[in-house]
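Me: I would like a close look at a single part of this model, followed outward to whatever it touches. Please take it slowly and keep the reasoning explicit.

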Amino acid sequence: MNTQLTPNDLTQVIEADRAHLWHHLIQHKPFESTDPRIIVEGKGLRVWDQHGKEHIDAVSGGVWTVNVGYGRERIADAVRDQLVKMNFFAGSAGSVPGATFAEMLIDKMPGMSRVYYTNSGSEANEKAFKMIRQIAHKRYGGRKHKILYRERDYHGSTLAAMSAGGQLERNAQYGPFAPGFVEVPHCLEYRAQWEVENYGARAADAIEEVILREGPDTVGALCLEPVTAGGGVITPPEGYWQRVGEICRKYDILLHIDEVVCGVGRTGTWFGYQHYGIEPDFVTMAKGVASGYAAIACLVTTERVFEMFKEAPDDPLDYFRDISTFGGCTAGPAAAIENMKIIEEENLLENTTVMGARLIDNLHALQERHAVIGDVRGKGLFCGAELVADRASREPAAEKAVQAVVADCTAQGVIIGATNRSIPGFNNTLCFSPALISTADDIDEITDAVDGALTRVFGV
Ligand SMILES: Cc1ncc(COP(=O)(O)O)c(C=O)c1O
């Protein structure tokens, strides 16, 4: 497929964009002399820009979101029908798609039971933090209020979510942050912090050390990504999660899993935590829930957590006194229902596992040819390749060179990602998260482009 769409005349759009739009996460100075990129149309895995140039999108909308691919008319139809019937009512009332999707979702999450709707991943995480704080007040006189988060993990862009943010470059200049958030070390074995045989257990033990230092009676929850996304696509080492579970149980610490990236199929299971036998108390999700067809995020809890908020019905402060206006939009769950049906009907979890294995194999093959690839990591269609200037010392590749690889791929019509303003000196991991509908040819096209780009940028 190489259809060049005839571009409409977008001159005015580009001018309006340059004059008035503030794009996310990008320096705007270059737009004084070059045009911003405008994505006009999408179908399947392909998108077309303002010049009519076709790209294969290997990052599902730039930020691992469009899991079922572009141009899904049945999702658009379901959203349209729902909006005409009932677009919004505050979340203190229910809605038909809201209840229907909640039931479908809980069916995929044994052990979980309640769904709280919000409109972004950051907001879903904030809701979990608020519940954790309220539980501390209700049960422990406010003492067990600290929330542990992990170095390199990211939980969102709002100030409380950034207080739980383990990426120094994202956080720089935005402090001071909220008190009561405490960092634990990352678990990336390639950047090992301990010389031991069982690295997974050792990295988890580091969490216990922080708990003991802070005082277990002050720690209410631990918030982790199942596979760290923007912090470098970090798959946890063997043994890590088992030990994390033991530690949480030992110190009565609630476990909050941030599935904003991994959730709804990205790693080949419905949720990333389901690879590891984890029993979470809170699960948050956003991006893939409706593949970007509507804004929706969910905080899912166990019945045990839910019960804590109706123990004293005569106390006006007893329940979760929170609202998200747009959590009451019905477009989100209407889109999410179709999104989930598509994943089931098209066997996309299985496809993700098979195509993810191909992507990892292809990246390993590239690693054999290109010394600049130091490490390859991933789970399902969620993979990373860490670039190094020197394999022996593991010195990270220069950020400009990493960006040159991304730019070279774009010029070839392949959009890939790279860790961006994340860890100082370590914005050196190429990221791949194509839609779950990817075929073998798509995967090969993506890695062929990377092969060419690495050769041109690094000469090897
Ligand atoms: C793991 C993780 N959590 C939370 C968020 C925040 O989600 P949102 O941008 O929808 O607020 C992100 C966004 O990239 C994320 O990667």
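Reply: Two strands count as paired here if DSSP finds at least two bridges between them. With that criterion in hand, and keeping in mind that the model is predicted, one can begin with β1, β2 and β3 and then move to a helix that packs against β3.

Strand β1, which covers residues 39-43, runs antiparallel to strand β2, residues 46-49, and the two are joined over four bridges. Within this pairing Gly42 faces Val47 of β2. The connection is a hairpin with two residues between the strands, and in its turn Gly44 adopts a positive phi of about 65°.

From β2 the pattern continues, since β2 and β3 also pair in the antiparallel sense, in this case over three bridges. Val47, the residue that stands opposite Gly42, also stands opposite His55 in β3. The hairpin of β2 and β3 has four residues between its strands, and there Gly52 takes a positive phi near 80°.

β3, residues 54-57, leads on to helix α14, because the buried residues of that helix pack against β3, as they do against α12 (348-369), α13 (399-411), β14 (414-415) and β16 (429-432). Helix α14 spans residues 440-458, 19 residues in total, and its first and last C-alpha atoms are 27 Å apart, close to the 27 Å expected at 1.5 Å a residue.

Which residues of α14 are buried? They are Asp442, Ile443, Ile446, Thr447, Ala449, Val450, Ala453, Leu454 and Val457. When one looks down the axis of α14, these buried residues fall within an arc of 150°, and they therefore line one face of the helix. The general reason such a face can form is that an α-helix has 3.6 residues a turn, so residues three or four places apart point the same way. The other side of α14 carries Ala440 and Asp441, both exposed, where exposed requires 12 or fewer other C-beta atoms within 10 Å, as against 20 or more for a buried residue. After the helix comes Gly459, whose phi is positive, near 70°.

Taken together, the path runs from β1 to β2 through one antiparallel pairing, from β2 to β3 through another, and from β3 to the buried residues of α14 by packing.

Note on methods: Residues are numbered from 1 along each chain as its sequence is written. This is a predicted model: local features need pLDDT of at least 70, side-chain atom pairs count only at pLDDT 80 or more; totals for chains, interfaces and linings use all residues. The expected span of a helix is 1.5 Å times one less than its number of residues. The arc is that of the directions from the helix axis to the C-beta atoms. Two residues are in contact if their C-beta atoms, placed from the backbone, lie within 7 Å.
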